[in-house]
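Trainee: I would like a close look at one part of this model. Please take me through chain B and how it meets its partner.

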Amino acid sequence: MGNGTQLGKVRGLGASHHGSHHWLQQRLTALGNVLLVGFLVVSLLRLPLGDHGAVHRWAANPTVALALVLLLVSVFWHLRLGLQVLIEDYVHGAARLVAIVLLNFYAIGGAAFGIFAVVRIVLAPAAGLAPGGM
Amino acid sequence: MAGNEPSARPRAPHLQVYKWGPHMTASILHRVSGDGLAIVGALMFLWWLGALASGPDAYAAFIACVWRDPSPEITLFHQVTNILGKLVLVGLTWAFFQHLFSGLRHLLLDTGAGYELKTNKLWASVVVAAGVLATAATWIHILAGTF
């Protein structure tokens, strides 16, 4: 593969100096998303979505809450990688740097907001509050 | 830095010189659906999850905005957002199925399989058709339960 130097071949980093990390992480989070978002979509179709109490009890279940946290990590990491490629294709110059910084804020902030919402749902009874009173 | 400066290096010809094929449709739809899910889908999900955590009132406000306002006198704002919300949800359903199917196609292509002209054309077409059909089936299922 390629005609790089011996050391370059060993490190396998290529022209971007990031090797295949981005590519591989996109595929691995894609597999995670198939399972986790698949679970979410099937759940959403089966839940009485207008009933706050029922949906809250579903989300407070430890297994479901764990799946939701994993989903938030996998989805937001995957969308960060995907939107990065979009920015690299269409945004040039200094604007690209700004866009990538904003993308990181969005991805990390969004995942943190989501995970904190799941924590609020799960810990509402432990805090002695009615569901959602936290 | 790369980007704006002119370059003497050879450039790839632009898209319009190629004859359009299903693989190109599948490719651009993968990007469109992925970026739609990444921005609109993720924000809708966070809004829903945040409303769920914030309590029954916040959750009811979310439902009244994006799905159906139960109050007898619905504001003009909610009349608009109730229609808009359903349109966005149909769009997100399509984006989910499209991105799922074309994403699975990409995982298969990553193994080196499916690049023969006929096979590639067939599965690119199947993926686009399956996205539309799965969306239609899902919404028939949802609406059948609503009415």
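Mentor: What follows goes from the fold of chain B to its contact with chain A, one helix pair and the core.

Keep in mind that this is a predicted model.

Start with the fold. Chain B has four helices and zero strands. From the N terminus on, its elements read α-α-α-α. The radius of gyration of chain B is 21 Å, while the globule rule gives 15 Å for 147 residues, so the chain is more spread out than a compact globule. Along the principal axes, the C-alpha atoms of chain B fill a box of roughly 65 × 40 × 25 Å. Of the 147 residues in chain B, 22% are buried. Now take the contacts within chain B between residues at least 6 apart in sequence. Of these, 68% join residues at least 24 apart.

Next, the contact between the chains. Chain B gives 23 residues to it and chain A gives 26. On the chain B side, H1, helix H2 (56–66) and H3 each supply at least two residues. H1(B) has the largest share of that side, with ten residues. By class, the chain B side holds 13 nonpolar, eight polar and two charged residues.

One helix pair across the chains deserves detail. H2(A) packs with H3(B) at an angle of about 145°, and their axes are 11 Å apart. The crossing of these two helices is left-handed. From H2(A), the contact uses A:Arg27, A:Ala30, A:Val34 and A:Val41. From H3(B), it uses B:Phe96, B:Leu100, B:Gly103, B:Leu107 and B:Asp110. Sorted by class, the residues of this contact are six nonpolar, one polar and two charged.

Finally, the core. The largest nonpolar core counts 36 residues. Within it, A:Val75, A:Leu79 and B:Leu52 have the most contacts. Chain A contributes through helix H2 (21–46), helix H3 (52–60), helix H4 (62–90) and helix H5 (94–123), each with at least two core residues. Chain B does likewise through helix H1 (22–54), helix H3 (76–110) and helix H4 (117–146). The largest share of the core, ten residues, comes from H1(B).

Look closely at B:Leu52. Leaving out residues up to four places away in sequence, B:Leu52 touches A:Val55, A:His56, A:Ala59 and A:Ile121 of chain A, plus B:Tyr59 of chain B.

To pull this together, H1(B) supplies the largest share of the chain B side of the contact, and H1(B) also supplies the largest share of the core.

Technical notes: Residues are numbered from 1 along each chain as its sequence is written. Chains are lettered from A and ligands numbered from 1 in the order in which they are written. This is a predicted model: local features need pLDDT of at least 70, side-chain atom pairs count only at pLDDT 80 or more; totals for chains, interfaces and linings use all residues. A nonpolar core is a set of buried Ala, Val, Leu, Ile, Met, Phe, Trp, Tyr and Cys residues joined through C-beta atoms within 7 Å. A residue is buried if 20 or more other C-beta atoms lie within 10 Å of its own, exposed if 12 or fewer, and partly exposed in between; C-beta atoms are placed from the backbone. Two residues are in contact if their C-beta atoms, placed from the backbone, lie within 7 Å. Ala, Val, Leu, Ile, Met, Phe, Trp, Tyr, Cys and Pro count as nonpolar, Asp, Glu, Lys and Arg as charged, and the others, Gly among them, as polar. The radius of gyration is taken over C-alpha atoms; the globule rule is 2.2 Å times the number of residues to the power 0.38. Axes are lines fitted to C-alpha atoms, for helices over the stretch in contact, and angles run from 0 to 180 degrees between N-to-C directions. A crossing is left-handed if the near helix is turned anticlockwise from the far one by less than a right angle, and right-handed if clockwise.
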